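Hi,

Here is the model I promised to pass on. Have a look at it first, and then read on for what I found in it.

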Amino acid sequence: MANSINRVVLTGGLTRDPELRSTGSGMSVLSMRLAFSTRGKNPQSGQWEDMPNYIDVTMFGDRAERLAPHLKKGSSIGVDGKLRWREWETQSGEKRQAIEVIADDIEFIGGRSEQVSQEGNAAPAGIEDLGGEEIPF
């Protein structure tokens, strides 16, 4: 198969609080679901409407671990990554498949008010300096 471009850039809101876990080897895995809309014409009414889309997003490694405490349900984010298709079999023997985004970069969208946690505390100043790695917000 020839090399191909596999790049995805999406913006949207998180539908639930992200889940942070670790693999057996200790690598951090951050899982979340992103909702975004596409505009299309309703065939019945002929009117233009926003149609919801949902996609799973996964980020790996130290960066995922550092971002996890700052991501909450409703956070508006931008995701830059690549698509990955996967297939598995359920315990009952049914085959399932899904497409997800493997995030290389996540950016917060909106002002500081968008970064307020459920407890009402603003995200710490200087968050972009976490671990010495640049995290653009």
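To start with one residue: how does lysine 82 count, by its relative accessible area? With a value of 31%, lysine 82 is partly exposed, because that falls between the 20% under which a residue is buried and the 50% over which a residue is exposed. Do keep in mind throughout that this is a predicted model.

**The overall picture**

The chain has one helix and six strands, and going along the sequence they come in the order β-β-β-β-α-β-β. Of its 137 residues, 32% are buried. Among contacts with a separation of 6 or more, 56% are between residues 24 or more positions apart. About 9000 Å² of the chain is exposed, and 48% of that comes from carbon and sulfur atoms.

**Around lysine 82**

Back to lysine 82, which sits in strand E5. Leaving out residues up to four places away in sequence, lysine 82 touches Asn6, Val8, Glu100, Val101, Ile102 and Asp104. Its C-alpha atom is 6.7 Å from that of alanine 103, although 21 residues separate the two along the chain. The lysine 82 side chain also makes a polar contact of 3.0 Å with the side chain of aspartate 104.

**Salt bridges**

There are nine salt bridges in the structure, and three of them caught my eye.

One of them pairs aspartate 80 with arginine 7, at 3.1 Å from N to O. It links distant parts of the chain, since aspartate 80 is in strand E5 and arginine 7 is in the segment before E1, 73 residues apart. Both ends are partly exposed: aspartate 80 has 25% relative accessibility, and arginine 7 has 45%.

Another joins arginine 63 and aspartate 105, again with an N to O distance of 3.1 Å. Here helix H1 holds arginine 63 and strand E6 holds aspartate 105, so distant parts of the chain, 42 residues apart, are linked. Arginine 63 and aspartate 105 are both buried.

Then there is glutamate 100 with arginine 84, where the closest N and O atoms are 2.3 Å apart. Glutamate 100 is in strand E6 and arginine 84 in strand E5, so this pair ties together parts 16 residues apart in sequence. What is the burial state of each partner? Glutamate 100 is buried, because its relative accessible area is 4%, whereas arginine 84, at 35%, is partly exposed. Elsewhere, Arg7, Asp80, Lys82 and Asp104 belong to one network of salt bridges that share partners, which brings aspartate 80 and lysine 82 of the sections above into one group.

**The nonpolar core**

In soluble globular proteins, nonpolar side chains tend to be buried together. In this model, the largest nonpolar core has 20 residues, and those with the most contacts inside it are Met32, Leu34, Val57, Leu71, Ile77, Val79 and Ile106. At least two core residues come from each of strand E1 (8-14), strand E3 (28-41), strand E4 (48-60), helix H1 (62-67), E5 and strand E6 (95-108).

Leucine 34 is a good one to click on. Not counting residues up to four places away in sequence, leucine 34 touches Leu10, Thr11, Gly12, Gly13, Leu14, Asn53, Tyr54, Ile55, Val57, Ile77 and Val79. Three of the core residues named above, Val57, Ile77 and Val79, are among these neighbours.

**Threonine 58**

What does threonine 58, in strand E4, touch? With residues up to four places away in sequence left out, the neighbours are Val29, Leu30, Ser31, Glu100, Val101, Ile102 and Ala103. Threonine 58 counts as buried, because its relative accessibility is 6%. Note that Glu100, Val101 and Ile102 also appear among the contacts of lysine 82.

**A nonpolar patch outside**

Finally, the surface has a nonpolar patch formed by Leu83, Trp85 and Ile99, with about 320 Å² of accessible area together. Leucine 83 belongs to strand E5 (residues 76-89) and is partly exposed, at 38% relative accessibility.

Best wishes

Key: Residues numbered from 1 in each chain as written. Predicted model: local features only at pLDDT ≥ 70, side-chain atom pairs only at ≥ 80, totals over all residues. Heavy atoms only, no water. Patch = residues over 30% accessible without salt bridge, like charges linked within 9 Å, V, L, I, M, F, W, Y side chains within 5 Å. Areas by Shrake-Rupley, 256 points an atom, 1.4 Å probe, with all protein chains shown as cover. Salt bridge = Lys/Arg side-chain N within 4 Å of Asp/Glu carboxyl O. Helix = DSSP H or I, 4+ residues; strand = E, 2+ residues; numbered from the N terminus. Buried < 20%, exposed > 50% of the residue type's maximum accessible area, 1.4 Å probe, protein only. Core = buried A, V, L, I, M, F, W, Y, C linked by side-chain atoms within 4.5 Å. Contact = heavy atoms within 4.5 Å. Polar contact = N/O pair within 3.5 Å; in protein donor to acceptor, adjacent residues only side chain to side chain.
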